[in-house]
Amino acid sequence: MLSLAECYSACRYLHIAAVMQAFGTALFCEYLAPPALRAGLRASLGAPLRVLAWVALASAVVLLGLQAGQMGDGWTQTLSPAIWAAVLGTAFGTVWLWHMAIALAAVLAAGHGPMTAIRQRALLAAMAGLLASLALVGHTAMSEGLRGVMQRLNQMVHLFSAAWWLGGLLPLLFCLPLLRETARPDALRALIRFSRSGHAAVALVIFTGIVNTALVLGHWPLDGSAPYQRLLLIKIAVVAVMVILAVINRYAVVPAMARHHPAAIRILTLLTLAEMILGNLVLILVSIFATLEP
């Protein structure tokens with residue numbers, strides 16, 4: 001049987017992954033895809049976005065219960081109204097109450113039936129609110145004053161840029177088969193827009209990650225014997241591999257695709273899937289070391 005801490009880490013991963021994926025998908029569909037592709041992407045990704053919104057809401061509620069169990073005496077306290085009330089009375093609880101309300105708004109925005117532009121933009125705004133409020137809990141919320149403000153703002157940028165990058169990979173996969181069809185010009189335009197905007201997202205992920213490390217640890221994580229620092233080093237290594245794959249995509253595969261190289265679409269699909277897998281590995285690592293002492 002999984003321990004309470006292990007369940008908390010697993011649920012935290014599901015929550016962050018769902019929020020990031022929904023944010024990146026909605027952002028890609030509404031602002032990176034050309035107008036000719038948006039209706040088709042909404043039709044294809046409307047159901048997954050709805051599922052992601054429900055996962056975000058359910059996992060937010062479960063996380064509150066697991067937090068209550070950690071604050072109390074274990075599993076028996078996860079459903080205790082008194083412990084829940086005590087958790088909601090903390091700084092974490094205040095933020096998380098708003099967080100769950102925003103998650104509910106995301107579910108209402110996703111609604112039922114075909115996804116419309118208005119509903120998808122409302123869902124995007126709700127997911128942005130969830131990302132922003134995630135920066136107000138955890139290690140970045142440990143400091144007060146100007147340092148605390150800097151940590152929270154930096155973490156917000158870190159989360160937004162990571163969701164922009166990782167979350168956009170799924171709708172990108174939906175665009176790649178269109179490169180073999182009559183919609184090729186629009187699909188190629190979406191690919192190039194995502195690739196260009198990805199420069200900023202990747203740069204911000206790296207920069208804000210370095211700032212986070214400096215603000216939380218105060219030094220480079222060189223102590224491999226400390227669990228937090230060891231997992232952080234693994235995360236840095238995985239992100240470095242992802243950056244290499246992104247560079248290969250942008251400067252080798254995309255130009256070959258523009259020249260109609262027959263293998264380019266297949267290579268880009270495989271590399272994009274590899275980025276998605278590695279990105280989820282990063283989120284798993286973050287979900288684990290976020291519960292550890294720096």
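What is the volume of the second largest pocket? The second largest pocket has about 440 Å³. The model is predicted, and two pockets and one helix contact are described here.

**Overall fold**

The protein has 10 helices and zero strands. From the N terminus on, every element in the run is α: α-α-α-α-α-α-α-α-α-α. A compact globule of 294 residues would have a radius of gyration near 19 Å; the protein has 20 Å, so the two agree. Along the principal axes, the C-alpha atoms fill a box of roughly 60 × 50 × 40 Å.

**The two pockets**

| Pocket | Volume | Lining by class |
|---|---|---|
| Largest | about 740 Å³ | 25 nonpolar, eight polar and two charged residues |
| Second largest | about 440 Å³ | 11 nonpolar, five polar and three charged residues |

Take the largest pocket, with about 740 Å³ of space. Its lining counts 35 residues, and His 158, Gly 209, Asn 212, Lys 235 and Val 286 are the closest to its centre. Five helices each supply at least two residues of this lining: H1 (4-32), H6 (145-167), H8 (184-216), H9 (227-258) and H10 (264-289). Helix H9 gives the most, with eight residues. By class, the lining of the largest pocket holds 25 nonpolar residues, alongside eight polar and two charged ones.

The second largest pocket is lined by 19 residues. Nearest its centre lie Val 137, Gly 138, His 139, Met 142 and Ala 290. Helices H1, H2 and H4 (91-110) each give two or more residues to this lining. The largest share comes from H4, with three residues. The lining of the second largest pocket divides into 11 nonpolar, five polar and three charged residues.

Helix H1 is among the elements that supply the lining of the largest pocket, and H1 is also among those that supply the second largest.

**Helix H2 against helix H3**

Helix H2 spans residues 35-71 and helix H3 spans residues 81-88. How do their axes cross, and at what angle? The axes come within 9 Å and cross at roughly 100 degrees. Angles of 65 to 115 degrees count as roughly perpendicular, so H2 is roughly perpendicular to H3.

On the H2 side, the contact is made by Val 61, Leu 64, Gly 65, Gln 67, Ala 68 and Met 71. On the H3 side, Ile 83, Trp 84, Ala 86, Val 87 and Leu 88 take part. The residues of this contact divide into nine nonpolar and two polar, with no charged residue.

Technical notes. Residues are numbered from 1 along each chain as its sequence is written. This is a predicted model: local features need pLDDT of at least 70, side-chain atom pairs count only at pLDDT 80 or more; totals for chains, interfaces and linings use all residues. Side-chain values use heavy atoms; hydrogens and water are left out. Axes are lines fitted to C-alpha atoms, for helices over the stretch in contact, and angles run from 0 to 180 degrees between N-to-C directions. Helices (H or I, at least four residues) and strands (E, at least two) are DSSP runs, numbered from the N terminus. Angles under 35 degrees count as roughly parallel, over 145 as roughly antiparallel, 65 to 115 as roughly perpendicular and the rest as oblique. Contact means heavy atoms within 4.5 Å. Ala, Val, Leu, Ile, Met, Phe, Trp, Tyr, Cys and Pro count as nonpolar, Asp, Glu, Lys and Arg as charged, and the others, Gly among them, as polar. On a 1 Å grid over the protein atoms alone, a cavity is a set of points where a 1.4 Å probe fits but cannot get out, and a pocket is an open set with protein on both sides within 12 Å along at least five of seven lines; lining residues have an atom within 4 Å of a point. Grid points are joined across faces, edges and corners, and a volume is the space filled by probe spheres set on the points. The radius of gyration is taken over C-alpha atoms; the globule rule is 2.2 Å times the number of residues to the power 0.38.
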